[in-house]
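Trainee: Could you walk me through the charged pairs in this model and the strands around them?
Mentor: Gladly; let's have it in front of us first.

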Amino acid sequence: EPSEQPRIMFCCSSREDDKPSDRPQGHQGVQRNAGGPSPNPNGKPVGVGIVFQPDSTGALHVKSLAVGGPAEKCGQVAIGDVLHEIDGRHVYRKPVSQLAPLILGQEGTIVRLGVQRGNLQRLVYVELPRGWNM
């Protein structure tokens with residue numbers, strides 16, 4: 001039986017081979033919780049602008065997206081999506097505290113999230129640039 005390729009969405013990429021952009025280098029990117037978003041001027045790890053909330057089973061759902069953050073700008077992450085993978089690592093039902101080091105990273109680097117959307121039987125993969133500071 002032929003295996004179906006996963007659906008990958010490239011969003012707000014900061015790779016040099018992309019078309020030129022008006023956006024300044026170091027554009028804004030990720031948030032994990034409801035802190036006030038701001039650009040990251042000091043080199044500390046940054047995220048992608050997603051706030052997750054666990055349900056009663058421990059699965060993490062996208063609760064909200066930071067306005068102006070990479071996930072919101074991308075338009076490919078939806079409220080209610082359930083997080084399953086971060087950069088190929090299975091993270092379904094893992095505590096948020098274990099996920100922070102996987103999502104956060106150097107500004108401009110890419111993180112690949114695998115999420116389940118609605119009743120789809122396969123994961124939707126989204127690549128986002130890190131660049132949002134809480």
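Mentor: Let's begin with Glu127, which has a relative accessible area of 17%. Before going on, note that this is a predicted model, where local features need pLDDT of at least 70, side-chain atom pairs count only at pLDDT 80 or more, and totals for chains, interfaces and linings use all residues. Residues are numbered from 1 along each chain as its sequence is written, and side-chain values use heavy atoms, with hydrogens and water left out.

Trainee: Is Glu127 buried or exposed?
Mentor: Buried means under 20% relative accessible area, exposed over 50%, and partly exposed in between, using a 1.4 Å probe and protein chains only. Glu127 has a value of 17%, so the class is buried.

Trainee: Which residue meets Glu127 in a salt bridge?
Mentor: A salt bridge is a side-chain nitrogen of Lys or Arg within 4 Å of a carboxyl oxygen of Asp or Glu. For Glu127 the N to O distance is 3.7 Å, and the partner is Arg112.

Trainee: How many residues apart in sequence are Arg112 and Glu127?
Mentor: Helices (H or I, at least four residues) and strands (E, at least two) are DSSP runs, numbered from the N terminus. Arg112 lies in strand S6 and Glu127 in strand S7, so their salt bridge ties together parts whose separation is 15 residues.

Trainee: How many bridges join S6 to S7?
Mentor: Two strands pair if DSSP finds at least two bridges between them. One of the matches here puts Val115 with Val124 in S7. The two strands run antiparallel, and the number of bridges joining them is six.

Trainee: Which residue in S6 stands opposite Val82?
Mentor: S4 and S6 also run antiparallel, joined by four bridges. Opposite Val82, in S6, is Gln116.

Trainee: What is the N to O distance in the salt bridge of Arg117 and Asp81?
Mentor: Arg117 is partly exposed at 21% relative accessible area, whereas Asp81 is buried at 2%. Their side chains meet with an N to O distance of 2.6 Å.

Trainee: Where do Asp87 and Arg130 lie, and how many residues apart in sequence are they?
Mentor: Asp87 is partly exposed, with 41% relative accessibility, while Arg130 is buried at 9%. The two form a salt bridge, their closest N and O atoms being 3.7 Å apart. Asp87 lies in the loop between S4 and strand S5 (89–90) and Arg130 in the segment after S7, so the pair ties together parts whose separation in sequence is 43 residues.

Trainee: How many salt bridges does the structure hold?
Mentor: Arg117 with Asp81 is one of them, and Asp87 with Arg130 is another. With the pair of Arg112 and Glu127, the total is three.
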